[in-house]
Amino acid sequence: MMMPPTMGEMWTTMGSSIASFMFIWAIVRQYCPYEIRRFLEKCTHRVTGHFYPYITISFHEFTGDRLKRSEAYSAIEAYLSSNTSKSAKRLKAEMGKDSTNLVLSMDEFERVTDEFKGAKVWWVLSKTVSPIRTGMSMSYCPEQEKRFYKVSFHKRYRDLITDSYLDHVIREGKEIRVKNRQRKLYTNSPGYKWSSFKQTMWSHIVFEHPATFETMALEPGKKKEIINDLLTFSQSKDFYARIGKAWKRGYLLYGPPGTGKSTMIACMANLLSYDVYDLELTAVKDNTELRKLLIETTGKSIIVIEDIDCSLDLTGQRKKKGEQISGEDYERGKERKEAYNKDQEGNNNNNNNNNNNGGNGNSSKVTLSGLLNFIDGLWSACGGERLVVFTTNYVEKLDPALIRRGRMDKHIELSYCSFEGFKVLAKNYLKLENHQMFDTIQSLIKETKITPADVAENLMPKSPTDDPKRCLCNLIQALQEAKEEEDIAATEEEMK
């Protein structure tokens, strides 16, 4: 009579079988074509699907052929980092809001458990790597990596998970993201190529600019008007949807150098808690790359092009310095834009011919029409809650089509320092709200053109023990010198 196998023999047989299977599978993975392996995996899933009692839902990181990061993926990432990081054994750490705390989240291929109304679910962060054939071998390209979260649960909880739990995860994840959100300052890299070693076209650092409207040298009435406009915009999602417009708003900041245009952008970002995308047009190859950059920006952001009149030749027929743009010029904006685009098309054709002949063309081929489409074309409606800000020292140089209402909805002139602006700076730098020398400064500042930057430089204490009176004397001297220079310039102009 044959004796039944002992427990040790059973484990030995099972271990041998598993080892044989793993060896065969390793051979198959190495030598079997990728397409056949994928087919076998699909067939296996179909067979086991009839007996397997669990359901799996995947949430991929990117949507639309990697054009945009999924908001659902980001919300799940935040939810799991807050609710399951204590049970995960392998974690990754990032700096949180204000760089004062670490935010922990599950690492790749880590599995964590969550419960919701008695239902147990399992989350896994996975990734797939698609092979690229190079001759007779296969190599892997980082660009083909696709990360995704998978949630598994018993099929008896299907309705509970799909109807309630996932909504709960997304909603709570979004709230956590806002709470832990670290604002960033982005820039596009010069000479960027859509490389397999980069997942984004933007580089960033933490945005830590301290400027606020309270500390900005601006008249109180103008300051209040701008603040109200920004807050109204940030709360008008339903309004923009009702009127059929993309949720964005354009601001044109113009004025002499040193009047606070960059500071104004920082104040806007700090007021609304928006990220800032500082777009360097000269580093953009063409209109297609410009669209890709726009797609990769997120909501709650400010897209900035500083010194737009100097970035590229996008100004059309420029006026002479000192001339003002009249209403008639705005009416002729469309014709001037069309004429300019024809000229630009001819220039691009010449550049292409030069490149074909071995010559050097322009480094950037962004056109005026491409920039206009970037501001308010179809692609500008991707996402929402964005501000587009242009700055310029010479507004008269800009093509009217570029700055008309509807593109640059609000024009803000930042001019020379007023007495009200001086009082803000005196409070910031010297902690003075009143002084006997203020009357002299008030009379001089009304008759002199001096920028807030120059006023701030004269008020800046040169040492911790510097007397505020000495700083005010420095400012008075600077104002007197500026007034004398203006008088001499005016006399010379009259003598011509």
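Helices (H or I, at least four residues) and strands (E, at least two) are taken here as DSSP runs, numbered from the N terminus. With that in hand, here are some exercises on this predicted model.

**Exercise 1. Getting an overview**

Find how many helices and strands the chain has, and what share of its residues count as buried.

*Solution.* Start with the elements: the chain has 17 helices and 15 strands. Next, turn to burial, for which the cut-off is a relative accessible area under 20%. Of the 496 residues of the chain, 38% count as buried. Finally, look at the contacts between residues at least 6 apart in sequence: 71% of them join residues at least 24 apart.

**Exercise 2. Deciding where to trust the coordinates**

Work out the mean pLDDT of the chain, then locate stretches where pLDDT stays under 50.

*Solution.* The mean pLDDT of the chain is 79, and 72% of its residues reach 70 or more. Now go along the chain. One stretch with pLDDT under 50 covers residues 316–337, for which the model has 37 contacts beyond four places in sequence. Another covers residues 349–362, with seven contacts beyond four places in sequence. A word of caution follows: where pLDDT is low, the predicted coordinates should not be read in detail.

**Exercise 3. Reading the faces of a helix**

Take helix α15 (residues 438–447) and say which of its residues are buried, and why they line one face of the helix.

*Solution.* First, list the buried residues of α15: Phe438, Ile441, Leu444 and Ile445. Seen down the axis of α15, these buried residues fall within an arc of 130°, so they line one face of the helix. The general rule helps here: an α-helix has 3.6 residues a turn, so residues three or four places apart point the same way. Then turn to the other side of α15, where Asp439 and Lys446 are exposed. Last, ask what covers the buried residues of α15; the cover includes α14 (419–430) and α17 (468–495).

**Exercise 4. Exploring a cavity**

Find which residues line the largest cavity, and sort the lining by class.

*Solution.* The structure holds one cavity of 30 Å³ or more, and the volume of the largest cavity is about 30 Å³. Its lining is made up of Lys248, Leu294, Ile303, Phe374, Ile375, Ser380, Arg386 and Val388. Two or more of these lining residues come from each of the elements α12 (368–376) and β14 (386–392). Sorted by class, the lining has five nonpolar, one polar and two charged residues.

**Exercise 5. Linking distant parts of the sequence**

For Leu368, Gly406 and Asn180, find the setting of each residue and how far its C-alpha atom is from that of a partner.

*Solution.* Begin with Leu368, which lies in helix α12. Leu368 is buried, with a relative accessible area of 0%. Leu368 and Leu402 are 34 residues apart in sequence, while their C-alpha atoms are 8.0 Å apart in space.

Continue with Gly406, found in the loop between α13 (400–403) and β15 (410–413). Gly406 counts as partly exposed at 29% relative accessibility. Its partner is Ile375: Gly406 and Ile375 are 31 residues apart in sequence and 9.6 Å apart, C-alpha to C-alpha. Ile375 has already appeared among the residues that line the largest cavity.

End with Asn180, which belongs to helix α4 (residues 158–180). At 28% relative accessibility, Asn180 also counts as partly exposed. Asn180 and Ala78 are 102 residues apart along the chain, and 8.8 Å separates their C-alpha atoms.

**Exercise 6. Checking the backbone**

Say what phi is in Ser273 and in Lys300, and where these residues are placed.

*Solution.* Recall the background: most residues other than glycine have a negative phi. Ser273, which is not a glycine, has a positive phi near 60°. Ser273 is in the loop between α7 (261–272) and β12 (275–278), and is partly exposed, with a relative accessible area of 36%. Lys300 also has a positive phi, of about 55°, although it is not a glycine. The loop that holds Lys300 runs between α8 (287–295) and β13 (301–305), and Lys300 counts as partly exposed at 35% relative accessibility.

Definitions and conventions
Residues numbered from 1 in each chain as written. Predicted model: local features only at pLDDT ≥ 70, side-chain atom pairs only at ≥ 80, totals over all residues. Heavy atoms only, no water. 1 Å grid on protein atoms, 1.4 Å probe; cavity = no way out; pocket = protein on both sides within 12 Å on 5 of 7 lines; lining within 4 Å. Points joined across faces, edges and corners; volume = space filled by probe spheres on them. Nonpolar A, V, L, I, M, F, W, Y, C, P; charged D, E, K, R; others polar. Buried < 20%, exposed > 50% of the residue type's maximum accessible area, 1.4 Å probe, protein only. Arc of directions from axis to C-beta. Contact = heavy atoms within 4.5 Å. pLDDT = per-residue confidence, 0-100.
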